[in-house]
Amino acid sequence: MPRRSILLFAGACVAIAAALATVTVIVVQGRERADAVSEGTLTGQPAVGGPFQLVNQDGQPVDQTLLDGKWSLVFFGFTYCPDYCPTTLTSLEATRQLLGPDADNLQIVFISVDPERDTPEALKTYLESDGFPPGVIGLTGTPEQIAEAAKVYRAYYQKVGEGEDYVMNHSLTVYLMGPDGQFRSALSHDLGPERSAQLIKRVKARG
């Protein structure tokens, strides 16, 4: 084989090897990132949480200081939600039961994305329904206030349909916030009570 051909062939081999190495690094990093998300150990996450102005189910104005001094599980939904929201509430109560004493300083905060229907009175009636965990804090507000709260939490929602039967599409993430009001970890909707409790314990142990 001529010298030039040999050099071209060697160069091609080096290029292929480098490309394969790069792909390997990307795949490994992607797997490590996925593991870190599921374990609540990912760092460098985008900012989540911040100032908001809403009202609770008793009609009292509240802001982000509601989170101070306690660990909080914050999620967005609406009272007419047919499946995810009631399922999440019951799942979070199962998580609290599994946490035992670690749940003593843990509150659940439910923020409505449906200001047209979710008045404070409607939230109060909904959260006091049989089978839902006691002590859940329901928050609602004007469309502008809810939009701002969703923005700082990077939560998505959208009205679908018209008339009385419309629904709200919304993100499914539960946000674990620390007693300083800062974001600690995300709980995916399909994590389940046992894995959620394990994740919360690990995050709480780190402070």
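A residue counts as exposed when its relative accessible area is over 50%, as buried when that value is under 20%, and as partly exposed in between. Keep those cut-offs in mind on this tour, which goes through a predicted model.

**The whole chain**

Begin with the complete protein in a cartoon view, where you can find five helices and nine strands. Following the chain along its sequence, you meet these elements in the pattern α-β-β-β-α-β-α-β-α-β-β-β-β-α. Of the 207 residues, 39% count as buried. If you consider contacts between residues at least 6 apart in sequence, 70% of them join residues at least 24 apart.

**Stop 1: Glu116 and Lys159**

Select Glu116 and Lys159 and show their side chains, which form a salt bridge with the closest N and O atoms 3.1 Å apart. This pair links distant parts of the chain, since Glu116 belongs to the loop between strand E4 (106-112) and helix H3 (120-127), while Lys159 lies in strand E6 (residues 157-160), 43 residues apart. Is Glu116 buried or exposed? Its relative accessible area is 54%, and because the cut-off for exposed is over 50%, Glu116 counts as exposed. Lys159, with a relative accessible area of 35%, falls between the two cut-offs and is therefore partly exposed.

**Stop 2: Arg117 and its partners**

Move one residue along to Arg117, whose side chain meets that of Asp114 in a salt bridge of 2.7 Å, taken from N to O. Here both residues, Asp114 and Arg117, are buried. Side chains of opposite charge can pair when their charged atoms come close. Now add two tyrosines to the selection: Arg117 lies over the face of Tyr80, at 4.1 Å from the ring centre, and the charged end of Arg117 also sits over the ring of Tyr166, 3.7 Å from its centre.

**Stop 3: other salt bridges**

A search of the whole structure finds six salt bridges. Another one to select is that between Arg184 and Asp180, where the closest N and O atoms are 3.1 Å apart; Asp180 is partly exposed, with a relative accessible area of 41%. Then select Asp58, Lys124 and Glu128, which are joined into one network by salt bridges that share partners.

**Stop 4: aromatic pairs and the nonpolar core**

Eight aromatic pairs are found when the whole structure is searched. Select Phe76 and Tyr175, whose rings form an edge-to-face pair, 6.4 Å from centre to centre and with 90° between the planes. Phe76 lies in strand E3 (residues 71-77) and Tyr175 in strand E8 (residues 174-177), so that the pair links distant parts of the chain, 99 residues apart. Both Phe76 and Tyr175 are buried. For a further group of rings, select Phe75, Tyr84, Phe110, Tyr126 and Phe132, which ring pairs link into a cluster.

Which residues have the most contacts inside the largest nonpolar core? That core has 50 residues, and the ones with the most contacts inside it are Phe76, Tyr153, Tyr175 and Leu176. In soluble globular proteins, nonpolar side chains tend to be buried together. Centre the view on Tyr153 and, leaving out residues up to four places away in sequence, look for the residues that Tyr153 touches, including Val48, Phe52, Leu67, Phe76, Tyr175 and Met177.

**Stop 5: Arg154**

Step from Tyr153 to Arg154, which lies in the loop between helix H4 (143-152) and E6. Arg154 has a positive phi of about 55° although it is not a glycine. Its relative accessibility is 55%, which means that Arg154 counts as exposed.

**Stop 6: Gln57 and Ile137**

Finish with Gln57, found in the loop between strand E1 (53-56) and strand E2 (61-63). Gln57 is buried, with a relative accessible area of 15%. Where do the polar atoms of its side chain lead? One polar atom of the Gln57 side chain lies 2.9 Å from the backbone oxygen of Val136, and the backbone nitrogen of Gly138 likewise lies 2.9 Å from a polar atom of that side chain.

Between those two positions select Ile137, which is found in strand E5 (residues 137-140) and counts as buried at 16% relative accessibility. Leaving aside neighbours within four places in sequence, Ile137 is in contact with Gln57, Leu66, Gln107, Ile108, Val109, Phe110 and Leu127. The C-alpha atoms of Ile137 and Ile108 are separated by 6.2 Å, although these residues are 29 residues apart along the chain.

How values were computed: Residues numbered from 1 in each chain as written. Predicted model: local features only at pLDDT ≥ 70, side-chain atom pairs only at ≥ 80, totals over all residues. Heavy atoms only, no water. Phe/Tyr/Trp six-rings, centres within 6.5 Å; stacked < 30°, edge-to-face > 60°. Helix = DSSP H or I, 4+ residues; strand = E, 2+ residues; numbered from the N terminus. Buried < 20%, exposed > 50% of the residue type's maximum accessible area, 1.4 Å probe, protein only. Lys NZ or Arg CZ within 6 Å of the ring centre and 35° of its normal. Core = buried A, V, L, I, M, F, W, Y, C linked by side-chain atoms within 4.5 Å. Contact = heavy atoms within 4.5 Å. Salt bridge = Lys/Arg side-chain N within 4 Å of Asp/Glu carboxyl O. Polar contact = N/O pair within 3.5 Å; in protein donor to acceptor, adjacent residues only side chain to side chain.
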